[in-house]
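Visitor: I would like to learn how to read a few features of a model. Where do we begin?

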Amino acid sequence: MFDPSQPGTDECVWRAALDAAPSWQPASGRLLIVSPHPDDEVLGAGGLIRQWTDAARPVTVLSVTDGEAAYPDWCGLDRVRRSELRQALSTLCTAPLINVGLSIPDGRVSEQTEVLRAALAALCDADTTLIAPYEDDGHPDHEAAGRVCRQFARSQGIAIARYPIWAWHHSTPATMPVQWGRFALPPQARSAKLAAARCFGSQLHPARRAPIVPPHVLAYFARPYEAFVL
Ligand SMILES: [Zn+2]
């Protein structure tokens with residue numbers, strides 16, 4: 001398991017590899033953003049969510065867990081993180097979106113893949129693009145959710161793109177030879193994404209605890225584009 005307090009791959013290394021990646025955007029139907037923990041949806045795809053809602057296109061965010069295992073000794077962290085998510089989504093978007101929560105226990109997504117699969121089946125239609133966590137992201141919940149999404153998309157013929165979170169930190173362009181697609185963010189989408197990311201105070205600057213998302217990790221999510229694995 002990686003340690004987010006350690007420096008990780010420098011953002012300059014990623015920019016050098018990704019700046020020239022081909023541009024990509026989903027087809028014009030619904031987006032279903034699958035988020036293992038509150039903050040993954042904003043960090044991984046916040047700019048895309050903002051652009052889609054600005055264009056009056058439908059967006060659903062599926063929150064798989066409430067993220068309570070980030071600090072196991074923090075009683076009530078699930079409530080704190082749900083509240084941060086509500087604040088972040090209303091900061092991110094001026095138009096409404098749908099947020100569905102599954103409240104699967106944090107850290108145990110691999111034990112409840114049928115619950116996630118049933119939610120995907122209920123929320124997807126043929127025109128949906130699934131925006132899923134990357135299946136080799138290095139966090140067990142991200143990987144379990146990513147695998148379920150990928151299998152579901154394949155079996156149903158649904159379009160899918162995957163967003164890394166922790167792979168930016170522990171992988172490099174050389175160790176991650178995937179097909180990238182770059183979704184450009186205009187200035188207002190980028191600044192809305194960063195403002196939304198700052199709503200997750202429990203992850204950025206918790207009292208008396210080491211942050212899960214320190215500044216050198218947040219730097220991966222301040223690019224003028226979002227890069228997806230296609
Ligand atoms: Zn996560």
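Guide: With burial: a residue is called buried when its relative accessible area is under 20%. In this predicted model, aspartate 40 and histidine 142 are both buried.

Visitor: Which protein atoms are the donors of the zinc ion?

Guide: The zinc ion has His37 (ND1), Asp40 (OD), Asp40 (OD) and His142 (NE2) as its protein donors, at 2.0 to 2.8 Å. The spacing of the donor residues along the sequence is H-x2-D-x101-H. Aspartate 40 belongs to helix 2 (residues 40–54) and histidine 142 to helix 5 (residues 140–156), so this pair ties together parts 102 residues apart in sequence.

Visitor: How should the angles at a metal be read?

Guide: Ideal angles are 109.5 degrees for four tetrahedral donors. To count as tetrahedral, four donors need all angles between 85 and 135 degrees. Here the angles among the four donor atoms run from 51 to 142 degrees, and the zinc site is irregular.

Visitor: Which residues lie nearest the centre of the largest pocket?

Guide: His37, Ala70, His139, Trp166 and Ile212, out of 19 lining residues. His37 is also a zinc donor. The lining comprises nine nonpolar, six polar and four charged residues, and the space in this pocket is about 300 Å³.

Visitor: What does valine 80 touch, leaving aside residues up to four places away in sequence?

Guide: Trp74 and Ser202. Valine 80 sits in helix 3 (residues 77–92), and its C-alpha atom is 7.7 Å from that of serine 202, although 122 residues separate them along the chain.

Visitor: Why does valine 80 count as partly exposed?

Guide: Because its relative accessibility is 29%, and partly exposed covers the range between 20% and 50%.

Notes: Residues are numbered from 1 along each chain as its sequence is written. This is a predicted model: local features need pLDDT of at least 70, side-chain atom pairs count only at pLDDT 80 or more; totals for chains, interfaces and linings use all residues. Side-chain values use heavy atoms; hydrogens and water are left out. Helices (H or I, at least four residues) and strands (E, at least two) are DSSP runs, numbered from the N terminus. Buried means under 20% relative accessible area, exposed over 50%, partly exposed in between (1.4 Å probe, protein chains only). Contact means heavy atoms within 4.5 Å. Donors are N, O and S atoms within 2.8 Å of the metal (3.2 Å for Na, K and Ca); water is not among the atoms, so sites may look incomplete. Four donors count as tetrahedral if all angles lie between 85 and 135 degrees; four count as square planar and six as octahedral if opposite donors are over 155 degrees apart and all others between 65 and 115; anything else is irregular. On a 1 Å grid over the protein atoms alone, a cavity is a set of points where a 1.4 Å probe fits but cannot get out, and a pocket is an open set with protein on both sides within 12 Å along at least five of seven lines; lining residues have an atom within 4 Å of a point. Grid points are joined across faces, edges and corners, and a volume is the space filled by probe spheres set on the points. Ala, Val, Leu, Ile, Met, Phe, Trp, Tyr, Cys and Pro count as nonpolar, Asp, Glu, Lys and Arg as charged, and the others, Gly among them, as polar.
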